[in-house]
Amino acid sequence: QVQLVESGGGLVQTGGSLTLSCTASGNVFNVNAMGWFRQAPGKQRELVAAIVNGNNPDYADSVKGRFTISRDNAKNTVALQMNSLKPEDTAVYYCNVDLWVSGVLRDYWGQGTQVTVSS
C-alpha cells in the first residue's frame, strides 16, 4: 500500500503565495511520476503540474510562470510552490503518484488540501 499525506493548504489573498507538500510512504517503488491536480467546485479534476521520470516538469497553461513543482526522489516528496495566486486557483489540490506495479501504472491519491484565494 501507498499513503500520500499533503500539507500546506489554506486561505490567502490574491497575489499571495502558498507551498503545498506531499510525502509518499509505504511501498513506494518504481515511481514513474509525481504531481499535483486540483478540482474546483462543479469542475473536473485537472492537472496542475507533474514531473515524470527523466522529463522536465509539465505545467497547466494557467499556472505557468506562477507555480513551481519540485520533487525529492530520495525522500519521496513533491512540493508545489504557488505564487501570484488568483481567485481562480481556488480548489482542492490533490497529490498524485504513479507507480509501476507488475508492469502496470497505478495511480495513488492524497486526501486533498483546500486552497482558497480571496479577492
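Does asparagine 76 count as buried or exposed, and at what relative accessibility? In this predicted model, asparagine 76 counts as buried, at 19% relative accessibility. The cut-off explains the label: a residue is called buried when its relative accessible area is under 20%, so asparagine 76, at 19%, falls within that class. Asparagine 76 is located in the loop between S7 and S8. Residues up to four places away in sequence aside, asparagine 76 is in contact with Cys22, Thr23, Ala24, Val28 and Met34.

The two strands that flank this loop belong to an open sheet. Four strands make up the sheet, in the order S1-S3-S8-S7, and their pairing is antiparallel. S1, which spans residues 2-7, and S7 are the edge strands, each of them pairing on one side only. On average, and with direction ignored, neighbouring strands of the sheet are turned by 15° against each other. In general, strands of a sheet pair through backbone hydrogen bonds, in either a parallel or an antiparallel manner. Between S7 and S8, which run antiparallel, there are six bridges. As an example of bridge partners, threonine 68 is matched with glutamine 81 in S8.

Cys22, one of the contacts of asparagine 76, also takes part in a disulfide. The structure holds one disulfide, and it is formed by cysteine 22 and cysteine 95, whose sulfur atoms are 2.1 Å apart. The angle about the S-S bond is -80°, and the link is left-handed. Cysteine 22 lies in strand S3 (residues 18-26) and cysteine 95 in strand S9, so the pair links distant parts of the chain, 73 residues apart. Both cysteine 22 and cysteine 95 are buried. A disulfide is, in general, a covalent bond between the sulfur atoms of two cysteines.

Charged side chains were examined next. Four salt bridges are found in a search of the whole structure. In one of them, the side chains of arginine 38 and glutamate 46 meet, with an N to O distance of 2.7 Å. The two partners differ in accessibility: arginine 38 is buried, with a relative accessible area of 6%, whereas glutamate 46 counts as partly exposed at 35%. Arginine 38 also forms a salt bridge with aspartate 89, in which the closest N and O atoms are 3.0 Å apart. Because aspartate 89 lies in the loop between strand S8 (77-82) and strand S9 (91-101) while arginine 38 lies in strand S4 (residues 31-39), this pair ties together parts that are 51 residues apart in sequence. Aspartate 89 counts as buried, at 0% relative accessibility.

Aspartate 89 has a further salt bridge, with arginine 66, and the N to O distance of that pair is 2.7 Å. Arginine 66 sits in the loop between strand S6 (58-59) and strand S7 (67-72), and aspartate 89 in the loop between S8 and S9; the pair links distant parts of the chain, 23 residues apart. Arginine 66 is buried, its relative accessible area being 11%. Through shared partners, the salt bridges join Arg38, Glu46, Arg66 and Asp89 into one network.

Asp89 is also among the residues touched by valine 117. Valine 117 is placed in strand S11 (residues 113-118) and counts as buried, at 6% relative accessibility. Apart from residues up to four places away in sequence, the contacts of valine 117 are Val12, Gln13, Thr14, Leu85, Lys86, Pro87, Asp89 and Thr90. Valine 117 and glycine 15 are 102 residues apart in sequence, yet their C-alpha atoms are 8.6 Å apart in space.

The nonpolar residues complete the description. The largest nonpolar core has 32 residues, of which Trp36, Leu80, Met82 and Tyr93 touch the most other members. At least two residues of this core are supplied by each of S1, S3, S4, strand S5 (46-52), S7, S8, S9 and S11. S9 provides the largest share, five residues. With residues up to four places away in sequence left out, methionine 82 touches Gly16, Ser17, Leu18, Leu20, Arg66, Phe67, Tyr93 and Val115. These contacts include Tyr93, which is named with Met82 among the core residues touching the most other members, and Arg66, which belongs to the salt-bridge network. In soluble globular proteins, nonpolar side chains tend to be buried together.

Technical notes: Residues numbered from 1 in each chain as written. Predicted model: local features only at pLDDT ≥ 70, side-chain atom pairs only at ≥ 80, totals over all residues. Heavy atoms only, no water. Buried < 20%, exposed > 50% of the residue type's maximum accessible area, 1.4 Å probe, protein only. Contact = heavy atoms within 4.5 Å. Disulfide = S-S within 2.5 Å. Pairing = 2+ DSSP bridges. Axes fitted to C-alpha atoms, helices over the stretch in contact; angles between N-to-C directions. Core = buried A, V, L, I, M, F, W, Y, C linked by side-chain atoms within 4.5 Å.
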